[in-house]
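Trainee: I would be grateful for a close look at one part of this structure, namely the way its chains meet. Please take me through it step by step.

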Amino acid sequence: MTGIVGYGCYVPKRRIKVEEIASQWQEDAEALKKGLLVREKTVPAKDEDSVTIAYEAARNALKRAEIDPQEIGAVYIGSESKPYAVKPSATIVADALGATPAVHVADYEFACKAGSETVFVVYGLVKSGEIKYGLGIGSDTSQGAPKDPLEYTAAAGGAAFIMGNDNVIAEVIATYSYTTDTPDFWRRDGQSYPTHTGPFTGTPAYFNHTLNSAKGVMEKAKMTPKDITYCVFHQPNGAFPLRASKMLGFTKEQFEPGWVAPYIGNTYSGCSLLGLASVLDIAKANDIILVTSFGSGAGSDSFIFRVTERLEKVRNNAPLLKDYAERKQYVNYATYAFLRGKIKMRED
Amino acid sequence: MREVAVVGIGITNFGYLWEKSWRDLAVESSLEAIKSSGVSKVDSIYVGNFSGGTFVEQEHMAAILADYLGLLHIPSTRIENACASGGVAFRHAYMEVASGMSDAVLVTGVEKMTDVVTSQGVYSLSMAADREYEGYEGITFPGLFALVARKYMNDFGATRKQLAAVAVKNHKNASKNPKAQFHNIITIDDVINAMVIADPLGLYDCSPMTDGAASVVLMPLDKARQLSNAAKPIKIAGIAQATDTIALAQRDDFVTFKATTEAAQKAYKMANKSPQDINVAEVHDCFTIAEICAIEDLGFFEKGKGAKATEDGLTEIDGKIPINPSGGLKGKGHPVGATGVAQIVNLVEQLRGEAKELQVKNAKVGLAHNLGGSGATVTVTILEVV
Amino acid sequence: MLTIPRNWREKPQRYLFKGGKCKDCGYTMYPTRKVCPKCHSENIEIVDLPRDGTILTYTIVYSAPEGYEDFAPYAVAIVEMTNGARLMLQIVDTDFNDIKIGKKVEVVFRRLFVEGKAGIIIYGPKARVID
């Protein structure tokens with residue numbers, strides 16, 4: 001069987017509350033929290049970036065996989081906040097993990113879906129027998145423009161998954177991707193902040209792709225929501241995935257364990273993968289997990305996993321998402337603006 | 001090996017000397033030393049300088065000094081051992097005279113630190129530490145000595161007030177030293193309330209950026225006695241140099257500077273003296289904690305007792321063992337490459353009875369302690385009236 | 001100073017946290033060396049350093065050198081790893097009041113230095129207090 005052999009996550013320590021940002025722009029914090037279903041989001045330290053986050057998540061995945069990093073045949077990172085526009089992030093992580101030099105490495109981009117697509121690709125390579133193990137990571141430290149609604153949700157975090165054919169902790173039952181060219185959100189080269197098309201990001205983008213991808217994978221696996229234990233969706237805020245879940249016929253109990261946006265924010269390429277990690281932190285043998293990511297532009301990758309008995313043997317080899325979530329330090333707006341590079345510093 | 005004496009001394013003002021280039025300073029103190037020495041011919045030059053390259057974009061300073069002193073074609077050598085460059089250059093000059101190779105050797109220590117902005121200066125100074133394994137973690141020189149201070153305070157219960165006593169004393173002394181960088185008196189409160197540079201060290205715990213040069217001329221003692229000038233030759237009774245790990249993390253003990261204890265032991269043995277025989281000492285107080293550790297490592301006080309001894313006034317000019325009557329690095333300034341030579345100049349003045357307001361009574365034996373980096377190089381020199 | 005080869009050469013230390021161990025006397029070091037500083041043997045093996053250690057002493061740097069101003073004030077400590085190797089590490093993600101001699105730390109992977117807007121980013125080890 002092919003599936004996940006190790007998983008890991010990481011979110012930075014600092015947080016900023018919706019109230020703090022709202023008070024800066026004199027907006028209604030309660031209304032925002034009610035509409036977005038997000039209370040606070042993660043903020044990276046000045047010395048963190050999507051590479052350091054990817055590394056920490058990948059190290060945790062390695063601890064659970066219990067394999068020699070030299071046996072990893074591919075390392076991919078999906079991100080839309082790469083430190084370099086040209087120079088791979090994944091080579092840094094691959095080198096630092098000890099997976100080099102006999103390894104295929106690449107960086108991926110597809111807005112928030114970049115992480116799940118690395119998982120899809122390594123799954124394929126492992127299943128075909130081309131490589132023994134593959135590491136797929138989604139990691140971001142995304143930016144929301146000041147005074148833009150995205151500022152309340154654009155957060156930092158990442159999750160990593162190692163796929164293999166032996167010692168699997170969650171077997172892949174089915175995959176299904178649904179993609180069209182739908183420009184709901186983008187960032188042109190050279191621009192600091194992305195452009196967001198408002199309501200168009202809903203039905204034609206997020207919901208069209210998420211719902212069709214989720215239905216497609218369930219059909220392929222000959223399952224319905226009642227066969228599924230947990231569902232995880234991409235979480236641009238707390239409200240969209242909740243609605244998608246209801247529209248597909250899932251219950252609160254199936255949906256909530258993977259619902260991370262309310263206290264983490266939207267970690268973009270890390271988002272649905274963090275939701276999956278959060279579910280794996282509590283899942284039991286034979287649980288069925290549906291994961292549907294979404295990336296603007298647009299597309300959704302879906303997976304259905306079946307948890308094996310091995311998960312609970314290795315789960316405590318590395319920190320759980322709640323261990324990182326509990327490690328918190330709140331910052332005010334000025335510190336947040338400084339940390340996110342929004343204050344013009346001297347450039348000599 | 002012949003006995004060697006210091007016959008000539010010279011020293012510039014120390015401070016922010018905007019109008020003077022490094023060349024001006026080095027020539028000024030060198031000429032003063034040569035003239036006051038009475039020698040007719042200089043055989044060799046040693047230049048102590050830490051970082052001409054990063055401060056003034058100039059290496060090869062030894063050749064330039066010989067050239068600008070009109071002393072072509074004698075050999076001229078630049079020595080670099082971080083803040084101990086002066087002391088080590090002095091030791092090399094000593095060896096050249098003691099061995100019989102030369103009869104009159106000029107040693108000039110010089111540093112021009114204020115042509116660059118402070119952050120650039122701090123960056124240059126950091127090159128005296130371990131660049132890859134200390135520098136990249138963001139440590140600074142105040143930071144390195146702050147690590148020592150924190151451990152010292154933890155192990156011996158010393159207080160910031162006790163550390164501050166070093167700075168207060170050295171400013172008081174410097175206020176009477178016409179060549180010193182600082183002439184202001186400061187209080188214990190000034191020191192402990194000053195801006196934090198690297199906790200627990202504040203602005204007044206740290207020696208400043210300084211421009212300056214100091215020079216001495218060495219001759220064999222017997223030839224020195226034959227010179228017609230009136231200035232008393234002062235004998236180099238003991239001299240030694242020692243090394244310790246570059247990285248502070250690799251030291252066995254963060255509060256004992258082994259390079260100091262090693263060099264001191266050898267110098268005392270060579271001079272046939274012990275710490276009780278020393279009447280006055282100029283020690284390397286790049287930071288207040290450095291003077292405290294130095295007076296312990298040199299044998300003047302037991303380990304852990306230096307802080308209280310300073311607080312109790314035992315190291316004042318009229319104290320049990322006067323330390324840094326010149327004002328030390330803190331009070332008179334620390335032009336890195338010049339410091340080791342400046343200490344010799346100040347001790348010679350003391351031993352000749354020419355230290356005026358700063359004179360230690362009956363000073364017959366003096367000790368100079370020059371330390372480089374966070375203690376990786378140390379020279380100890382013992383001078384004696386003959 | 002844009003200095004790529006020198007930083008690239010440091011990958012075993014910065015990326016993989018490798019050190020050395022003297023096979024004759026057991027002395028552990030970071031970075032590794034050709035000659036054991038204790039017994040002078042040249043029988044040194046490269047080892048993966050453990051990621052857990054203890055703080056031996058620390059300071060908080062307020063006046064930072066060029067390139068580190070954005071991080072200041074920050075803590076720097078001398079840490080002894082559980083295998084005895086000692087090194088200097090910046091301490092991050094920790095309230096300054098929680099940094100004390102004797103506290104336990106774990107190593108994390110962070111940006112050490114950034115060469116301006118167009119230069120290289122240097123990654124390496126720092127540590128955070130865990131108790």
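Mentor: What follows is an account of the places where chain C meets its partners, with some related salt bridges and other surroundings.

Please keep in mind throughout that this is a predicted model. There are 2 pairs of chains that touch, and the pair with the most contacts is that of chains B and C. Chains A and B, by contrast, do not touch, and their nearest C-alpha atoms are 12 Å apart.

Let us begin with chain C and chain B. Here 38 residues of chain C are in contact with 31 residues of chain B. The size of an interface is often given as the accessible area lost when the parts come together. For chain C and chain B this area is about 3000 Å², with 55% of it on carbon and sulfur atoms. On the side of chain C, the residues that lose the most area to chain B are Glu66(C), Arg86(C) and Met88(C), which together make up 20% of what that side buries.

Polar links are also present across this interface. Between chain C and chain B there are 16 residue pairs in polar contact, both residues being at pLDDT 80 or more. The count of salt bridges between these two chains is 3. Arg14(C), for instance, forms a salt bridge with Glu132(B), with 3.2 Å between the closest N and O atoms. Several elements of chain C give two or more residues to the side that touches chain B: the helices α1 (4-8) and α2 (11-14), and the strands β4, β5, β6 (86-91), β7 and β8. The largest share comes from β4(C), which provides 6 residues.

We may now turn to chain C and chain A. In this case 22 residues of chain C are in contact with 24 residues of chain A. The two chains bury about 2000 Å² between them, and carbon and sulfur atoms give 50% of that area. Asp70(C), Asp93(C) and Phe109(C) supply 30% of the area that chain C buries against chain A, more than any other three residues.

Side chains of opposite charge can pair when their charged atoms come close. Between chain C and chain A the count is 6 salt bridges. One of them joins Asp93(C) to Arg14(A), with the closest N and O atoms 2.9 Å apart. There are also 13 residue pairs in polar contact between chain C and chain A, with both residues at pLDDT 80 or more. The strands β7 (104-114) and β8 (121-129) of chain C each supply at least two residues of the side that touches chain A. Of the elements on that side, β7(C) gives the most, with 5 residues.

These two strands are also linked within chain C. Glu106(C) forms a salt bridge with Arg128(C), the distance between the closest N and O atoms being 3.0 Å. Glu106(C) lies in strand β7 and Arg128(C) in strand β8, so the pair ties together parts of chain C that are 22 residues apart in sequence. Glu106(C) counts as partly exposed because its relative accessible area is 26%. Arg128(C) has a relative accessible area of 10% and is therefore buried. Elsewhere, salt bridges that share partners join Arg14(A), Asp47(A), Glu48(A), Asp93(C), Arg110(C) and Lys126(C) into one network.

Over all chains, the structure holds 45 salt bridges. An example from chain B is the pair Asp43(B) and Lys41(B), whose closest N and O atoms are 2.6 Å apart. Asp43(B) counts as buried because its relative accessibility is 15%. Lys41(B), at 55% relative accessibility, therefore counts as exposed.

Finally, consider a nonpolar patch on the surface. Val196(B), Tyr62(C) and Phe96(C) form this patch, with about 230 Å² of accessible area together. Tyr62(C) is found in the loop between β4 (52-61) and β5 (74-81) of chain C. Because its relative accessibility is 38%, Tyr62(C) counts as partly exposed. For a contrasting residue, look at Thr381(B), which has its place in strand β11 (residues 377-385) of chain B. Thr381(B) has a relative accessible area of 2% and is therefore buried. Leaving aside residues up to four places away in sequence, the residues that Thr381(B) touches include Phe90(B), Ile236(B), Ile344(B) and Leu367(B).

Conventions
Residues are numbered from 1 along each chain as its sequence is written. Chains are lettered from A and ligands numbered from 1 in the order in which they are written. This is a predicted model: local features need pLDDT of at least 70, side-chain atom pairs count only at pLDDT 80 or more; totals for chains, interfaces and linings use all residues. Side-chain values use heavy atoms; hydrogens and water are left out. Patches are made of residues with over 30% relative accessible area and no salt bridge: like charges are joined within 9 Å, nonpolar side chains (Val, Leu, Ile, Met, Phe, Trp, Tyr) within 5 Å. Accessible areas come from the Shrake-Rupley method with a 1.4 Å probe; for residues, only the protein chains shown count as cover. A salt bridge is a side-chain nitrogen of Lys or Arg within 4 Å of a carboxyl oxygen of Asp or Glu. Helices (H or I, at least four residues) and strands (E, at least two) are DSSP runs, numbered from the N terminus. Buried means under 20% relative accessible area, exposed over 50%, partly exposed in between (1.4 Å probe, protein chains only). Contact means heavy atoms within 4.5 Å. Buried area is the accessible area (1.4 Å probe) that two parts lose on being put together, summed over both. A polar contact is a pair of N or O atoms within 3.5 Å; within protein, one must be able to donate a hydrogen and the other to accept it, and residues adjacent in sequence count only if both atoms are side-chain atoms.
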